[in-house]
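Reader: Please present the structure, and then let us discuss its local geometry in turn.

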Amino acid sequence: MGKNPNAAIYYIKTLNSPQRTVAREVAIDGHGGFISEPAKVILVPWKPDTGIVFEVSGDHNRVPANPKFLIPRSDAPFKTTSLRYCDARILTVEHLLAALYGLGITNLHVIVEPNGCIPFSDGSSEVFARALLTAGLREQPGAKKRAIYLRKADSITLEGEDGNILLEPIKSEKMMISAHISYPNPIGIQHFEYVHDENFFCLELARARTFQFKYFKDLETTREKFPGFMLDTWRYINSNSIIYTEQTFITHLRWANECVRHKVLDFLGDIKLLGFPLFASINLYKTGHAYNHALINKIWDQFDGALNV
C-alpha cells in the first residue's frame, strides 16, 4: 500500500525534562547590525507554557516567536529572520533565538526598544549565550518540555534552486545535523557535523559569525553601506562579520569552517520559532534562511498553527 498523502508526518511527544527560563532579568546593549541605531533587549523570566514572546517597549505590542509572524523574505530587512505583528517589528531575531535553542530555554519575555532592533554584537550568538548563563537558568519542574519527531516511515526533502534540506527520523532525543556549503573562493566547500548538546553549542557553535560581504572594496565604502558593523579594529579580528575579498579572508577566522557553522547556528535560530526542539537527522546542503523558513512553515501548517509550548 502507498503512503496516505494526508497522513501526519510529524508528531509531538512530551519529554521527561522540565521547561526552562532565565533565573533573573538581564539586559544586553549594542547596535543593530544593518542600521546605525542603538539596540537593547531585556530578557525577563517567564511563566511555564508561554513560550518566547517579544514585546516592544512603550507600546506593549507583543509578538510571539512563531512562524505566523515571520516577515516574508521579500519584505524582511537584509533577508534576515524578522517578525511583525500589527505595527510592531522585531528585527534579526535568529542569533538570539539560536542561543535560546542552544541552552534549552522554553519560556522568555524579551523586551525590545521601539526601533525593534536586536543587538547584533559580533554577528554570532555568543553575547546572548554569555548573558543567559551569567544570569543563570531556572528549571520549571511543574511543566514538561515537548519535542517534534518524524514518524518512523517518513523522510522529508525540501528542494530549492541550489540546495536542499533532508529530514530523516531518529530514535534518540537528539537533533543531528550534517551541513554542507559551496561558495567561490575563499570560502570554498565547507562541512560541519553537529549533534545538539548544550556544551557543544557553547563551545563549537555559538561564536560562529555571519558572513555578508562578497567583495570588500575599502573600509569607508563598507562602513557607509553597513553602518552598524564593527569594521575598524586591527585586521578585523573582532569584526562582527566575516569579511573577504575575491581571494582571501580579511577577517581572522575563529574556525576554518566558521561560515558553515554559522549556517547551522541560523538553522537553530529559525527552528526555534516552532517552540519545540526538532528531533531528527538533518542534512543541510547549501541552505539559508529561505530554506529554513520554508521548512518551519511546512511543519507549522501540518499542526494548523496549533503548536504551543
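Author: C86 has a relative accessible area of 55%, so this residue counts as exposed (buried is under 20%, exposed over 50%, partly exposed in between, with a 1.4 Å probe and protein chains only). The model is predicted: local features need pLDDT of at least 70, side-chain atom pairs count only at pLDDT 80 or more, and totals for chains, interfaces and linings use all residues. Residues are numbered from 1 along each chain as its sequence is written, and side-chain values use heavy atoms, with hydrogens and water left out.

Reader: What is phi of C86 near?

Author: Most residues other than glycine have a negative phi. C86 lies in the loop between β6 (83-85) and β7 (88-90), where strands are DSSP runs of E of at least two residues and helices runs of H or I of at least four, numbered from the N terminus. Phi of C86 is positive, near 55°.

Reader: Is T92 buried or exposed?

Author: T92 lies in the loop between β7 and α1 (94-102) and has a positive phi of about 60°, although it is not a glycine. Its relative accessible area is 11%, so T92 is buried.

Reader: Which peptide bond is cis?

Author: Most peptide bonds are trans. In the loop between β12 (176-182) and β13 (189-195) lies P186. With omega near 10°, the cis bond is the one from N185 to P186.

Reader: Why is the pair of Y11 and Y149 stacked?

Author: A search of the whole structure finds 7 aromatic pairs (rings of Phe, Tyr and Trp, the last by its six-membered ring, with centres within 6.5 Å; planes under 30 degrees apart are stacked, over 60 edge-to-face, the rest tilted). Y11 in strand β1 (residues 10-22) and Y149 in strand β9 (residues 137-150) are 138 residues apart. Their ring centres are 5.4 Å apart, and the pair is stacked because the planes lie at 15°.

Reader: Which residues do ring pairs link into a cluster?

Author: Y149 also forms an edge-to-face pair with F279, at 5.3 Å centre to centre and 80° between the planes. Both Y149 and F279 are buried, whereas Y11 is partly exposed at 27% relative accessibility. The cluster consists of Y11, Y149 and F279.

Reader: How far from the ring centre of W46 is the charged end of K47?

Author: A charge sits over a ring if NZ of Lys or CZ of Arg is within 6 Å of the ring centre and within 35 degrees of the ring normal. The charged end of K47 sits over the ring of W46, and its distance from the centre is 4.8 Å.
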